[in-house]
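Trainee: Please take a close look at the cysteines of this model, and at any enclosed space you find worth adding.

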Amino acid sequence: MNGINAYKDPKLPPPIEVADGPEWVEALTILDRDVAHTLLAAARTLYPHDGLPERVYRRVILHFDRMASHSPAAAQSFAEFVDRADATMPLPFRELSESYRVAVLKEMETSAAFRLVQRSTVRFLYDDVEVWQAFGYEGASVHLGGYVARGFNDLDWLPEPPAGV
Amino acid sequence: MTQYELDDAGVVVIIGSGAGGGTLAHELTRRGVDVVLLEAGKHLTAEDFVNDEWGGYEMLSWLDKRTASGDWRVARDHPLTPSWSCQVVGGTTTHWSGCCYRLIADEMRARTVYGDIPGASLIDWPLTLDELEPYYHLAEAKMGVTRTNGLPGLPANNNFKVMYAGATALGLNASTGRQAINPIPYDGRPATIQDGFTVTGDKVGSRWSTLNVEIPRALATGKLELRPQSRAVFIEHDAAGKASGVVYVDAAGTRHRQRARAVVLAGNCVESSRLLLHSASGMFAHGLANGHGNVGRYYLRHIIQTVWSVFDKPVNMHRGEIMTGMVDDFVRHDPARGFAGGYYVELNSMGLPTTAAFLDPGWWGRDFAGVIEQYAHMAGMLLSGEDMPQAGNRITLTDELDAFGVPVANIHYDEHPNDLKMRSHGYKTMTAIHQAAGAKRSIEAPAYPASHNLGSNRMSAKAEDGVLDGQGRAHEVPNLFIADGSAFATGGACNPTLTIVALAIRQADFMTRQMAAGAL
């Protein structure tokens, strides 16, 4: 552990709940379960953090599900992404080993569907408070008095700048 | 709040409540002028703001569609949001990081000092630094800029310690710089608690904004009517060619026409240019004040880029004020560097969500993952430098209409060779600073959606070179003014807000003198 505690702003809604078992897909409202599993494999291939639990990637896919339910165009792009990812090799995308998954994604890089999946994974994965905690981003601070007494100047491995510089 | 009738032709109508419009509203009303301030966004308060990067972005940003073209990387990375400003009472002063540097004399004489640069359309400003300096003083006092008016500098934070160690090892001059953020209580506002969230609205209020300083004081004069959620869609003129009113749409979708004694556009570059281009008529066939075809042209967005570096030990750059550091060795024009103009290196931090999003949009895979996992060990710096005005870099109208029936704007930008030379020089400088402090890896990150939007309705001594005279008044429409960064004749290197505020104070002086003389 890195000894920090990460906080979301208390005014914001809590993280999406996600089940630990395979029943997590029951929370999907619009995405097909095969599509969701393939997108999950894509998210883990795009941003592979071996130390992160599966549930943070599942939350990304539940965000995709919300996007798809708000936007038919997004739903269409997710479906296109999965169709293309599955059509490239003799195995479905999510059954491929990592190097083959990477190769498939590289081939798709210039497509609008890839762009949506890649950008949206960044948008939601690195906005997850469990990821913040893992990577040392403490987040919201005003409700805790800011960082003025919580380490805004505690770096001690370089010389201290002269006062008033 | 005071209310004015829609057919009251005695009011000055200001469109936009940010650094220029919000300041001008205060400066006019305290001189006794009646003002209606139209703001497209909502009137939020500190209570509404969140300490959350995406939450704040979605709450404050102007997210209406725009399109982008040209060879700038922003067109590829952010094709529908090439420019970044805010749609909220207070405008982009609800978002800014508070850097307050002055233009230098050479920058205001760019054509004379830099010479005739092929492909660039440089001009000198139609005013000198000597004329602007008294207003810089007034702006710094009202904004509470550190290291002015007896205020100390902000203290060194973790990210600055890295910058300082690297810069001093290279013999460069680093300091925590000047910001409109209180190191100690000032002007009724508290000292910073180093929360690191000025960019999402500043819940604490230690940073100057028009939302927390200028607009409340303007309202207290009894001379201001603030109309939030009022989207200006057209500027009308009379038979004599003077601006006569502004058509706007309220929150309920109802259209109104506010008559006006004078109209001031302060909607940031893209919106001010878009509104002028759209306000075409028989007399102004190509848009208001656009007889020379210069509205929207010479768009500038500064040379903005970031270097993020990874260190062996923790930095925790997210703790504390975001931009409290600068290196000013490269500000002055020096032909020996091989390019014209100069740049500031400024401290910059971001939280994990936006560091990941802007590190290199489109980058994925194990290499990216290995870098971003070390977020707590990352330090950052941003470059703000002068880009070259070019005739082809411009805001134009597309065939697509927005929800209000106004054409969506396109922003075209091609980088000038001088821009690319400065970018390369700047990346080398910033990387060298971090390497000198022990960085094990440095990443050259590209520009974000443009937040220093400048120049597209520029001031010029000669009408054929720009849109406005030296008071920010349209060459072709004597009671039409602009009070935002689009008025800049050239971009200079520094963050533009302080200059926008100084120009707005000066403009208020001019407008009230004109009114007293019966000329406005």
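Mentor: In this predicted model, the sulfur of B:Cys99 lies 7.5 Å from the closest cysteine sulfur, that of B:Cys100, which is too far for a bond; a disulfide is a pair of cysteine sulfur atoms within 2.5 Å. B:Cys99 is also buried, at a relative accessible area of 2% (buried is under 20%, exposed over 50%, partly exposed in between, with a 1.4 Å probe and protein chains only). Searching the whole structure gives 0 disulfides over all chains. B:Cys86 is in none either, and its nearest cysteine sulfur, in B:Cys269, is 15 Å away. Like B:Cys99, B:Cys86 is buried, with a relative accessible area of 7%.

As for enclosed space, there are 3 cavities of 30 Å³ or more; a cavity is a set of points on a 1 Å grid over the protein atoms alone where a 1.4 Å probe fits but cannot get out. The second largest cavity has a volume of about 100 Å³, counted as the space filled by probe spheres set on the points, which are joined across faces, edges and corners. Its lining has 14 residues (those with an atom within 4 Å of a point), and B:Ile482, B:Ala483, B:Ala487, B:Leu503 and B:Gln507 lie nearest the centre. Helix α12 of chain B, residues 497-516, gives the largest share of this lining, 5 residues (helices are DSSP runs of H or I, at least four residues, numbered from the N terminus).

Residues are numbered from 1 along each chain as written, and chains are lettered from A in the order written. Local features need pLDDT of at least 70, side-chain atom pairs 80 or more, while totals for chains, interfaces and linings use all residues, and side-chain values use heavy atoms, without hydrogens or water.

Definitions and conventions
On a 1 Å grid over the protein atoms alone, a cavity is a set of points where a 1.4 Å probe fits but cannot get out, and a pocket is an open set with protein on both sides within 12 Å along at least five of seven lines; lining residues have an atom within 4 Å of a point. Helices (H or I, at least four residues) and strands (E, at least two) are DSSP runs, numbered from the N terminus.
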